[in-house]
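Here is a friendly walk through one pocket and a few helix contacts. Keep the viewer open beside the text as you read.

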Amino acid sequence: MKITFLGGGNMAAALIGGLIERGFAPAAVQVIELGAALRTQLGERFGVRAVEAADAAALACDVLVLAVKPQQMRAALAPLAGRLDAQLVISIAAGLRLCDLARWLGTPAQPYARLVRCMPNTPALIGAGVSGLYADPSVDEAGRALAARVMAAVGSTVWASSEEQMDAVTAISGSGPAYVFHFIEALEAAGRKLGFEAADARKLALDTVLGAARLAAGAEDSPALLRQKVTSPGGTTEAALASLATAGWHDTLVTAVMAAAARGRELGAELGKD
């Protein structure tokens, strides 16, 4: 299998590194990247072929990964329009809909079809991400398996049942790290107010979140049941959770995620305008 990346930013680098760590041959990877410094860096770091423009060799691939910023995607795809054959195209650009990518990659008479839309999140940069995927109906099981294999190089994968669900993926896991960071900030601030030095407050907050996430990931119990097991009647945890409930913390977070999903739909429509 040969794979070409259009764009050589951080997420593309993470995917390339993850694939190579899993035994993928550097000689089978190419990168199309406008920036000269980044091209040199990728070539030296991974031993892959890095070029400025999409030449015939770069397009002689089985998989083309679109790793360009959403606002720059249409211009980046213009030189490729009508030049693809049967490559599986994987887009990791947030918000961009398959119908728009199909128009930009194909011709007026024949939009491109073999497309998979993916939404990785920032922990993918350290191989600990989760990616939501949705495939155009034209993509067969082999194509879906290939897309999952590529994205598994930076973490776990979840398939969406409809493209509309990709806005929910963006809101939950794509934006989710920011929610977690915000929670860590608040927990750290509470530690400072309770008398800890900054370094110790941060360690308590970070290691608590990390340990709790590992426990939840490895447990058969649901997060709700794990929470109940920590919460002794009349104890300290119950007092804290009661305060959160009074503040409407649970419903506020759900509402926030819904707002993110709604904004994702708006952005998709805006980015796809002619």
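Let's begin with the second largest pocket, whose lining counts 33 residues. Gly7, Ala67, Val68, Lys69 and Gln72 are the lining residues that lie nearest its centre, so you may like to centre your view on them. Please bear in mind that this is a predicted model.

The space in the second largest pocket comes to about 750 Å³. By class, its lining holds 21 nonpolar, nine polar and three charged residues. Three helices, α1, α4 (73–77) and α7 (165–174), each bring at least two residues to the lining of this pocket. Of the helices, α1 gives the most, with three residues.

Two of these pocket-lining helices, α1 and α7, also take part in the helix pairs below.

| Helix pair | Angle | Axis distance |
|---|---|---|
| α1 (residues 10–21) and α2 (residues 36–46) | roughly 15° | within 11 Å |
| α7 and α8 (residues 176–193) | about 25° | 5 Å |
| α7 and α12 (residues 249–271) | about 135° | 8 Å |

**Helix α1 with α2**

The axes of α1 and α2 cross at roughly 15°. Angles under 35 degrees count as roughly parallel, and α1 and α2 are therefore roughly parallel to each other. The crossing in which α1 passes α2 is right-handed. Which residues meet here? From α1 come Ala13, Ile16, Gly17 and Ile20, and from α2 come Leu42, Arg45 and Phe46. Sorted by class, the residues of this contact are five nonpolar, one polar and one charged.

**Helix α7 with α8**

Next along is the pair α7 and α8, which pack at an angle of about 25° with their axes 5 Å apart. That angle makes α7 roughly parallel to α8. On the α7 side the contact is made by Ala171, Ile172, Ser173 and Gly174, while α8 offers Gly176, Pro177 and Tyr179. The contact of α7 with α8 has four nonpolar and three polar residues, and no charged ones.

**Helix α7 with α12**

Helix α7 also packs against α12, at an angle of about 135° and with the axes 8 Å apart. Are these two helices parallel or oblique to each other? Angles over 145 degrees would count as roughly antiparallel, and α7 and α12 are therefore oblique to each other. In passing α12, α7 makes a right-handed crossing. Asp167, Ala168, Ala171 and Ile172 of α7 meet Val257, Ala260, Ala261, Gly264 and Arg265 of α12. This contact of α7 with α12 divides into six nonpolar, one polar and two charged residues.

One last thing to look for in the viewer is Ala171 and Ile172 of α7: both are in the contact with α8, and both also meet α12.

Key
Residues are numbered from 1 along each chain as its sequence is written. This is a predicted model: local features need pLDDT of at least 70, side-chain atom pairs count only at pLDDT 80 or more; totals for chains, interfaces and linings use all residues. Side-chain values use heavy atoms; hydrogens and water are left out. Axes are lines fitted to C-alpha atoms, for helices over the stretch in contact, and angles run from 0 to 180 degrees between N-to-C directions. Helices (H or I, at least four residues) and strands (E, at least two) are DSSP runs, numbered from the N terminus. Angles under 35 degrees count as roughly parallel, over 145 as roughly antiparallel, 65 to 115 as roughly perpendicular and the rest as oblique. A crossing is left-handed if the near helix is turned anticlockwise from the far one by less than a right angle, and right-handed if clockwise. Contact means heavy atoms within 4.5 Å. Ala, Val, Leu, Ile, Met, Phe, Trp, Tyr, Cys and Pro count as nonpolar, Asp, Glu, Lys and Arg as charged, and the others, Gly among them, as polar. On a 1 Å grid over the protein atoms alone, a cavity is a set of points where a 1.4 Å probe fits but cannot get out, and a pocket is an open set with protein on both sides within 12 Å along at least five of seven lines; lining residues have an atom within 4 Å of a point. Grid points are joined across faces, edges and corners, and a volume is the space filled by probe spheres set on the points.
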